[in-house]
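This report walks through selected local features of one protein chain, from contacts and helix geometry to charged pairs and the surface.

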Amino acid sequence: LFGLEFSEKTLLYKIMDLIYGKDCLKFSGEYLQSQGIDGAPDYYIRKGENILIFEAKDFLIPASEKVSFDYDIYKEAFKEKLYYKSINKKIKRKAVLQLIENIKLILRNNFSQDTNYNFREVSIFPIIITYDLQFDTKGFNVLINSWFQKELEKLKEMGFYTDKINPVVI
């Protein structure tokens, strides 16, 4: 509730509205979901030939995992929060896979609220917003981006034009 109502709907939406004025196309995740877009990004902006897609994740890692000082435990915790979580052999997409799914829609020109662009001409900037300073550490972005690049390579193998997709930014 706190993550959605305050972090996303209050902080993210209001800040994006302040930063990006009326000279761009922008949609909040709440609006996109109300339009029937399943798995919509938390925020979408297109300004000219640049598309920014945001996933906002307000999460913490349990103290018991933090004090372990075990990289494998950290990596698994981050994977479950930002990549995917496996529940009964079913994959629940997290930020990285959510971004990839929205990139597919954009590259197919199937993002129903914005189709007035050429997918070969737009640059796509995937962004994950975190709300806690503990995630502003060196190497964190490298780990998350390694997962993103792995998924981007799969898109390329499927025939998607991925030349203008930028690395994920935390």
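Two residues are said to be in contact when heavy atoms of theirs lie within 4.5 Å. The model is predicted. Apart from its neighbours within four places in sequence, threonine 162 is in contact with Leu152, Leu155 and Lys156. Threonine 162 sits in the segment after α6, and because its relative accessibility is 10%, under the 20% limit, threonine 162 counts as buried.

**Helix α4**

The twelve residues of α4 should span 16 Å at 1.5 Å a residue, and the end C-alpha atoms of the helix are indeed 16 Å apart, so expectation and model agree. At the N-terminal end of α4, aspartate 70 acts as a cap, with a side-chain oxygen placed 2.9 Å from the backbone nitrogen of aspartate 72. Within α4, Ala77, Phe78, Lys79 and Leu82 are buried, and the elements that cover the buried residues of this helix include β3 (50-57), α3, β4, α5 (95-107), β6 (123-130) and α6 (140-157). Lysine 75 also belongs to helix α4, but it is partly exposed, with a relative accessible area of 34%. Leaving aside neighbours within four places in sequence, lysine 75 is in contact with Leu143 and Trp147. The C-alpha atoms of lysine 75 and aspartate 163, which are 88 residues apart along the chain, are separated by 28 Å.

**Salt bridges**

Side chains of opposite charge can pair when their charged atoms come close. A search of the whole structure finds eight salt bridges, and the table gives three of the pairs, with the distance between nitrogen and oxygen.

| Basic residue | Acidic residue | N to O distance |
|---|---|---|
| Lysine 26 | Aspartate 17 | 3.5 Å |
| Arginine 46 | Aspartate 114 | 2.7 Å |
| Arginine 93 | Glutamate 101 | 3.9 Å |

Arginine 46 forms its salt bridge with aspartate 114, and this pair links distant parts of the chain, with arginine 46 in strand β2 (residues 43-47) and aspartate 114 in the loop between α5 and β6, 68 residues apart. Arginine 46 and aspartate 114 are buried. In the pair of lysine 26 and aspartate 17, lysine 26 is partly exposed at 24% relative accessibility, and aspartate 17 is partly exposed with a relative accessible area of 41%. Glutamate 101 is likewise partly exposed, at 26%, as is arginine 93, at 46%. Salt bridges that share partners join Arg93, Glu101 and Lys104 into one network.

**Backbone and surface**

Most residues other than glycine have a negative phi. Phenylalanine 69, however, has a positive phi near 55°; its place is in the loop between α3 (63-66) and α4 (71-82), and with a relative accessible area of 71% phenylalanine 69 is exposed. Lysine 89, which is not a glycine either, has a positive phi of about 65°, and this residue is found in the loop between β4 (84-87) and β5 (90-93). Because its relative accessibility is 84%, over the 50% limit, lysine 89 counts as exposed.

On the surface, Ile15, Leu18 and Ile19 make a nonpolar patch of about 330 Å². Of these residues, leucine 18 lies in helix α1 (residues 2-19) and, at 71% relative accessibility, counts as exposed.

Conventions. Residues are numbered from 1 along each chain as its sequence is written. This is a predicted model: local features need pLDDT of at least 70, side-chain atom pairs count only at pLDDT 80 or more; totals for chains, interfaces and linings use all residues. Side-chain values use heavy atoms; hydrogens and water are left out. Patches are made of residues with over 30% relative accessible area and no salt bridge: like charges are joined within 9 Å, nonpolar side chains (Val, Leu, Ile, Met, Phe, Trp, Tyr) within 5 Å. Accessible areas come from the Shrake-Rupley method with a 1.4 Å probe; for residues, only the protein chains shown count as cover. A salt bridge is a side-chain nitrogen of Lys or Arg within 4 Å of a carboxyl oxygen of Asp or Glu. Helices (H or I, at least four residues) and strands (E, at least two) are DSSP runs, numbered from the N terminus. Buried means under 20% relative accessible area, exposed over 50%, partly exposed in between (1.4 Å probe, protein chains only). The expected span of a helix is 1.5 Å times one less than its number of residues. A polar contact is a pair of N or O atoms within 3.5 Å; within protein, one must be able to donate a hydrogen and the other to accept it, and residues adjacent in sequence count only if both atoms are side-chain atoms.
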